[in-house]
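Trainee: Please take one part of this model and go through it closely. I would like to follow how its strands are put together, and how far the model can be trusted there.

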Amino acid sequence: MKKLLAAAMIAAAAPVALIAAAPAAMAEEMAEGEFKIPTPPPGKGQILFYRTGGISGAALGCAVFDVGAEDKLSSLGAGKYFVLVSDPGPRSFTVKSLETKDALTLEIEEGETQFVRCKIKTGFLSGRADIGPSTEKEFRAKHKNPKLVDAEDMSDAVRQANYPG
Amino acid sequence: MVLKPVEGSVRLISSLFVLLLQPAVVAAEPGPVVAEAVAEAPTPAAETVAEAPAPAGLLLPKTTPLVIAIDKELGSKISQTGETFPIRLVNAVLVDGVEVLPAGITGQGEVVHAKKAGLAGAAGELVLAARYLEHNGRRIELRSFRFVEAGEASLGKGQDNTGVSNITTAVAGPIGFFIGGGNTNVVPGTIANAKTRNDELFERPAQAETAPAGTPEPQVENREELP
């Protein structure tokens with residue numbers, strides 16, 4: 001009789017246990033499979049700056065500035081990213097290195113995320129930082145394991161957006 | 001009398017089933033409760049909707065996706081930042097079955113950023129914006145210009161040879177610095193996506209005004225998801 005009762009309980013509990021376990025497994029799979037890009041606050045747009053990992057230029061940072069500003073927004077190490085929340089409209093950025101500097105202007109749109117990739121290219125004496133427009137597809141394809149820039153490498157405004165609270 | 005123990009075990013098993021099923025029943029209960037609450041609560045909102053006059057015109061909501069064509073050759077090498085270029089609406093836009101923006105109307109776009117390909121494999125860059133379309137003397141402002149992407153490739157930049165340049169430098173020395181990147185080129189007729197910037201209200205044609213009461217809310221039939 002005890003065996004019968006035990007078998008009946010297992011049979012009854014099995015579907016419940018399977019149903020309860022399934023969503024958790026799916027959630028883990030999604031969390032592992034895809035990096036979730038935050039949505040910009042209401043009335044704002046945002047730009048995701050990223051730099052892929054790699055050996056070339058790994059020791060050099062890619063410091064991103066607003067054009068004309070003296071203080072950097074943040075500095076991208078190899079394999080790092082940060083998100084800049086901004087008012088909609090055109091905005092120009094520059095990256096500086098020992099030999100040269102590079103600039104990029106984007107049109108930021110409310111509620112949308114744009115992507116900018118930084119690369120370190122060959123120079124005469126040292127590597128040269130280069131920024132260019134990118135896409136979410138390229139970001140996801142080439143930046144498999146994105147890591148956020150350390151808080152101390154960000155300006156106050158950028159830090160508040162990337163490390164809230 | 002001999003069957004009594006069996007009857008007892010059957011009762012026990014059935015009570016176990018009832019116990020196991022109870023959480024599911026309890027979990028299912030909030031549904032009707034929420035439904036009742038929704039049905040009872042929002043009477044003021046419902047009254048507001050009922051009192052509001054029916055829209056006199058046809059509303060084309062902001063951020064409606066549009067398909068446009070670029071009618072000028074552009075490129076990271078040949079274009080200048082700030083240069084304008086003609087655009088054209090490819091697909092007509094219908095609201096509530098009425099064509100509010102016919103295919104073929106023209107407007108203007110602007111080159112936001114253009115940079116030639118450079119040494120060390122740097123790719124050419126081209127960032128464009130769609131500014132407006134014109135129809136019957138009226139400007140429909142646009143936003144959110146996007147090239148139609150094919151895989152990872154985008155017309156926003158040319159061939160990136162930075163990696164080749166870096167490897168060549170590592171293997172063969174400074175010669176890698178002289179490897180150039182590719183420019184991007186946009187030929188006339190290139191298709192792209194844009195969105196309307198503002199809500200746009202259009203007059204309902206006379207024929208549409210005679211439509212019977214209870215006509216459904218305006219529906220934009222051109223809605224497509226942007227990539």
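Mentor: What follows is a close look at the barrel of chain B, with the strands of chain A taken up afterwards. The model is predicted, and its overall scores are an ipTM of 0.72 and a pTM of 0.68.

Chain B has 227 residues, of which 29% are buried. Its secondary structure consists of 12 strands and 5 helices. Six of the strands form a closed barrel, in the order β2-β4-β7-β8-β9-β11 (chain B), and the pairing is antiparallel. On average, neighbouring strands in this barrel are turned by 40 degrees against each other, direction ignored.

The strand to follow in detail is β11 of chain B, residues 190-196. Strand β2 of chain B, residues 65-70, pairs with β11(B) in the antiparallel sense, and 6 bridges hold this pairing. Within it, B:Leu66 faces B:Ala194 of β11(B) as its opposite residue. Strand β9 of chain B, residues 138-147, also runs antiparallel to β11(B), with 4 bridges between them. Two positions show how β9(B) and β11(B) line up: B:Leu142 has B:Thr196 as its bridge partner, and B:Arg143 is bridged to B:Lys195.

The contacts of chain B as a whole also reach far along the sequence. Of those between residues at least 6 apart, 70% link residues at least 24 apart.

Now for confidence. The mean pLDDT of chain B is 72, and 56% of the residues reach 70 or more. Confidence is highest in strand β4 of chain B (residues 84-89), at a mean of 96, and lowest in helix α2 of chain B (residues 30-40), at 37. Strand β4(B) is one of the barrel strands. Across residues 14-50 of chain B the pLDDT is below 50, and the model gives this stretch 7 contacts beyond near neighbours in sequence. Residues 209-218 of chain B likewise stay under 50, with 5 contacts beyond four places in sequence. Where pLDDT is low, the predicted coordinates should not be read in detail.

Chain A can be set beside this. Here there is an open sheet of 4 strands, ordered β3-β2-β5-β6 (chain A) and paired antiparallel. Strands β3 (72-76) and β6 (101-108) of chain A form the edges; each has a single partner strand, so one side of each has no neighbour in the sheet. From one strand to the next, the twist of this sheet averages 25 degrees. Inside the sheet, strand β2 of chain A (residues 62-66) and strand β5 of chain A (residues 89-96) pair antiparallel over 3 bridges. In that pairing A:Phe65 lies opposite A:Thr94.

Strand β4 of chain A, residues 80-86, is another case: 5 of its 7 residues are buried, so the rest of the structure largely encloses this strand. Strand β1 of chain A (residues 45-51) runs antiparallel to β4(A) and is joined to it by 6 bridges, with A:Ile47 opposite A:Leu84. With strand β9 of chain A (residues 147-148), by contrast, β4(A) pairs in the parallel sense over 2 bridges. There A:Tyr81 stands across from A:Leu148.

Note on methods:
Residues are numbered from 1 along each chain as its sequence is written. Chains are lettered from A and ligands numbered from 1 in the order in which they are written. This is a predicted model: local features need pLDDT of at least 70, side-chain atom pairs count only at pLDDT 80 or more; totals for chains, interfaces and linings use all residues. Two strands pair if DSSP finds at least two bridges between them. Axes are lines fitted to C-alpha atoms, for helices over the stretch in contact, and angles run from 0 to 180 degrees between N-to-C directions. A residue is buried if 20 or more other C-beta atoms lie within 10 Å of its own, exposed if 12 or fewer, and partly exposed in between; C-beta atoms are placed from the backbone. Two residues are in contact if their C-beta atoms, placed from the backbone, lie within 7 Å. pLDDT is the predictor's confidence in each residue, from 0 to 100.
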